[in-house]
Structures are given as C-alpha cells and as structure tokens.
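Let's take a friendly walk through the empty spaces of a protein model and the molecule it holds. Please keep the viewer open as you read.

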Amino acid sequence: MYVAQPISWTASGVVMLDQRRLPAEEISYTYTDYREVAKAIREMVIRGAPAIGVAAAMGAALGIQHSSANSVAELRAEFAVISAALAETRPTAVDLFWALERMNRKFDSLVAASASLAQIRKDMVAEAQLVHFEKKATDEAIGRFGAPFMPQHGQVMTQCNAGALATAGIGTALGVIRVAIEQGKKLHVLVPETRPYLQGARLTAWELLKGGIPLTLITDNMVGHFLKTGAVKAVVTGADRIAANGDTANKIGTYQIAVLARENNVPFYIAAPISTFDMNIPDGQHIPIEQRAAEEVTHIQGVRIAPDVHAAHPAFDVTPARYIAGIITERGVARAPYLDSLGDLAANPQPAISATH
Ligand code: MRU
C-alpha cells in the first residue's frame with residue numbers, strides 16, 4: 001500500500017515534500033540550514049505533530065552538522081540558539097519539544113563522554129535518523145493496537161490528516177485504519193475537509209486515494225448529519241498534545257466531532273504516540289493553542305472569500321477526556337480514568353494495557 005514520505009535525511013540535506021502544494025503538485029525541497037527547517041515547520045511545508053518532531057530533530061542535527069564551531073563550548077552555545085529557533089515554530093504539538101529535548105539529551109551525553117566535535121556531528125545526525133526510524137515502528141504498533149477497535153465493515157470518520165504525511169511513518173489515526181484494512185476489514189472513511197487549512201480535503205483525501213482506501217469527502221458542517229444518519233461505527237483522530245488527565249488537543253473541529261459522536265453513541269478514539277503525552281500539565285486548560293493568521297480563514301489558497309473583516313483562527317481545540325473512548329498508543333490502549341492509564345503507559349516501556357474491548 002502506498003505510504004507518503006514527507007521527510008527524509010539525505011547526503012545533500014533534509015528533503016521535505018511541500019504539503020502546502022498538495023494535492024495539485026508534488027514538489028520537494030532540500031534544506032541545508034536549520035533556519036530553513038524552522039521556517040518550513042512554521043509555514044506548514046511539513047505539519048502533523050509526529051512529523052514536526054522528526055523535522056525538529058533533523059533541523060537540530062543539520063545545525064550541528066553545519067556549525068563552524070571550533071570547540072565543544074562554542075558548539076554548545078550554538079546548539080542552544082539552534083534549539084530555541086526550532087522551538088519557536090509551533091506551540092501546540094508537544095512532539096516538537098519532545099524531539100528537541102531528546103536531541104539535547106544526546107548532545108549532553110556525547111559531551112559527558114568527551115566525544116570529539118567530529119563524533120558529536122556524526123552521532124547527532126544518527127540520533128535524528130533514529131527518531132525518524134522509531135516513528136515508523138511506533139505507528140505500526142499503534143496500528144496493531146488500534147485495528148481491533150475498527151468495525152469489521154462500514155464507515156469510520158477521521159479529522160484533519162493523521163496519516164503518513166503527518167507522522168513520517170504510516171500515520172496514527174490513518175495507520176489504525178490502514179492496518180485494519182490490511183487485516184481484511186472493509187472500511188470506508190468519511191473525511192471532513194477540515195477548514196480552514198483543508199488538511200482533510202487536500203491531504204487525507206490524497207493519501208487515502210493513493211493508498212486505495214475508499215473514502216467520501218464531506219464538509220465540516222456535515223459531520224453531525226453523518227454521525228446521526230451515516231451508520232458511522234467509530235471515529236479515530238490524531239492528537240497534538242494529551243494532558244495527564246486525557247484531555248486532548250487536536251485540529252480545530254475535533255471537539256465538536258467528539259461531542260456529536262457521544263450524542264450519537266459512536267465511539268471516539270485518539271491514536272497518538274507516547275511522545276504526544278504531556279504529563280507535566282494536569283488538564284487541557286494548560287495546553288497552549290496556536291493562533292494562526294486570519295488570512296487562512298478569509299482566503300482559500302490566496303483567493304479572498306470574505307470581506308475584509310476580523311477573523312479568528314485557533315488552529316486546535318481541546319476535547320475533554322470524558323468524550324474519549326480510548327487513547328491508542330504504541331504501548332497499548334489507555335482507558336478512563338486516564339490519569340492512571342496514561343501514567344502507566346508513560347512510565348512503562350512495555351505494553352501495560354492490552355488492546356481489548
Ligand atoms: O496544523 P497541523 O496540520 O499540524 O495539525 C495536525 C493535526 O491536528 C493532527 O491531527 C495531529 O498533529 C496528529 S498527526 C498524527
């Protein structure tokens with residue numbers, strides 16, 4: 001089955017597929033400067049929480065690789081600047097900060113082991129590649145744990161794009177759907193277009209079409225209608241940040257889908273890696289919500305569709321944990337009460353909770 005490749009580390013630099021141009025054009029860029037990577041994250045050349053994490057790790061490695069520092073002390077000072085530039089790109093997706101912390105830990109361990117500058121450069125690149133490699137394995141495990149929650153046949157709904165484009169693996173929510181289909185389930189995916197940035201219409205529709213997975217594209221204001229009348233058997237979405245109590249930030253519009261799913265007795269699942277947990281914050285009220293440009297609401301792909309009025313663009317909303325039937329991770333499936341189940345999964349590298357209904 002087709003798997004999109006949003007990012008890769010190559011000998012000439014970090015290659016990214018420009019997701020802003022999809023589905024019309026498949027254009028890639030090769031970046032050799034960490035500042036270009038930071039700009040690409042901010043401007044959504046690459047997006048989706050886990051893929052942003054991979055991009056940040058590769059950006060950090062690129063910065064180290066191309067640094068002109070002559071001593072470890074100089075490199076350390078420069079790495080702080082590199083990390084800060086990457087950290088300032090998008091505030092909600094916690095995978096970004098997770099990846100930067102991991103790269104910083106690696107740097108510290110190399111310095112503690114008295115590694116040479118050349119060795120630090122080499123090993124930091126290897127660490128970024130490992131982050132990417134692990135994302136693929138993580139997605140596959142999420143898919144395996146999540147597939148039993150998909151119906152044997154019928155309609156499922158998602159939101160935004162939580163596929164390969166968003167993770168640099170097989171996807172989280174779309175990974176669950178993909179594995180279920182590979183196991184023989186006959187699923188049809190309802191894809192809300194996901195205004196204003198249209199990740200559903202542009203990216204999920206493109207990915208599912210290329211993967212041969214049947215879908216129907218709907219507008220966001222059709223969600224309630226289809227949850228009521230469309231025999232939808234499950235909803236599965238990704239996440240950008242999951243608080244300790246299970247409250248989950250995901251693409252704007254997810255909250256209303258979760259509430260309407262509950263109203264219509266449709267189970268609503270989150271599929272996300274452990275790197276999306278933020279156990280440092282007690283609940284969703286503490287999740288920073290990215291506010292993006294009003295032009296992304298008043299314009300579609302550069303064409304004005306509204307008069308010159310004030311427009312709001314919170315890029316994410318928070319779904320309270322009580323609407324979530326289960327949080328599917330690479331270590332198992334957390335169920336309410338989430339404070340306990342997420343804590344167990346975060347602390348235990350072995351699957352602690354099995355994927356049972
Ligand atoms: O603004 P985006 O496109 O980066 O938002 C993406 C989402 O909200 C995804 O659902 C989330 O990051 C999970 S991706 C596996």
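What follows covers the ligand and its cavity, then the pockets, then a few backbone details.

This is a predicted model, in which local features need pLDDT of at least 70 and side-chain atom pairs count only at pLDDT 80 or more, while totals for chains, interfaces and linings use all residues. Residues are numbered from 1 along each chain as its sequence is written, and side-chain values use heavy atoms, with hydrogens and water left out.

**The ligand and its cavity**

Where does the ligand sit? The ligand is placed in the largest cavity; "sits in" here requires more than half of its atoms to lie within 2 Å of the grid points. A cavity is a set of points, on a 1 Å grid over the protein atoms alone, where a 1.4 Å probe fits but cannot get out, and lining residues have an atom within 4 Å of a point. Across the whole structure, a search finds three cavities of 30 Å³ or more. The largest cavity has a volume of about 180 Å³, where grid points are joined across faces, edges and corners and a volume is the space filled by probe spheres set on the points. It is lined by 24 residues, and those closest to its centre are Arg 47, Gly 48, Ala 49, Asn 161 and Asp 240. Two elements, H2 and S9, each give two or more residues to this lining, with H2 giving the most, three residues. (Helices are DSSP runs of H or I with at least four residues, strands are runs of E with at least two, and both are numbered from the N terminus.)

Around the ligand itself there are 19 residues, and Arg 47, Ala 49, Arg 90, Asn 250 and Lys 251 come nearest; a residue counts if one of its heavy atoms lies within 4 Å of the ligand. Three of the contacts with oxygen atoms of the ligand can be inspected directly. The side chain of Arg 47 has an N or O atom 2.8 Å from a ligand oxygen, and a backbone N or O atom of Ala 49 is also placed 2.8 Å from a ligand oxygen. For Asn 250, a polar side-chain atom lies 2.6 Å from an oxygen atom of the ligand. Taken alone the ligand exposes 410 Å², and the protein buries 100% of that; these areas come from the Shrake-Rupley method with a 1.4 Å probe. The shell around the ligand takes two or more residues from each of helix H2 (49-65), helix H6 (164-167) and strand S9 (248-251).

**The open pockets**

A pocket, unlike a cavity, is an open set of points with protein on both sides within 12 Å along at least five of seven lines. The largest pocket has a volume of about 320 Å³. Of its 13 lining residues, Trp 98, Glu 101, Ser 275, Phe 277 and Asn 280 are the closest to the centre. Helix H4 (94-112) and strand S11 (277-278) each give two or more residues to that lining, and H4 gives the most, with five.

The second largest pocket has a volume of about 210 Å³. Among the residues that line it are Arg 20, Tyr 197, Arg 202, Glu 295 and His 299. Here helix H11 (295-298) and strand S12 (299-300) are the elements that give two or more residues.

The table sets out the residue classes; Ala, Val, Leu, Ile, Met, Phe, Trp, Tyr, Cys and Pro count as nonpolar, Asp, Glu, Lys and Arg as charged, and the others, Gly among them, as polar.

| Site | Nonpolar residues | Polar residues | Charged residues |
|---|---|---|---|
| Lining of the largest pocket | seven | two | four |
| Lining of the second largest pocket | five | three | four |
| Lining of the largest cavity | 12 | eight | four |
| Shell around the ligand | eight | seven | four |

**Backbone details**

The peptide bond from Leu 22 to Pro 23 is cis, with omega near 5 degrees, and Pro 23 belongs to the loop between strand S2 (13-17) and strand S3 (28-31). Another cis bond runs from Ala 336 to Pro 337, with omega near 0 degrees. Pro 337 is found in the loop between strand S16 (332-334) and helix H12 (338-347). Ser 114, a residue other than glycine, has a positive phi near 55 degrees; its place is in the loop between H4 and helix H5 (117-146).

Key. Polar contact = N/O pair within 3.5 Å; in protein donor to acceptor, adjacent residues only side chain to side chain.
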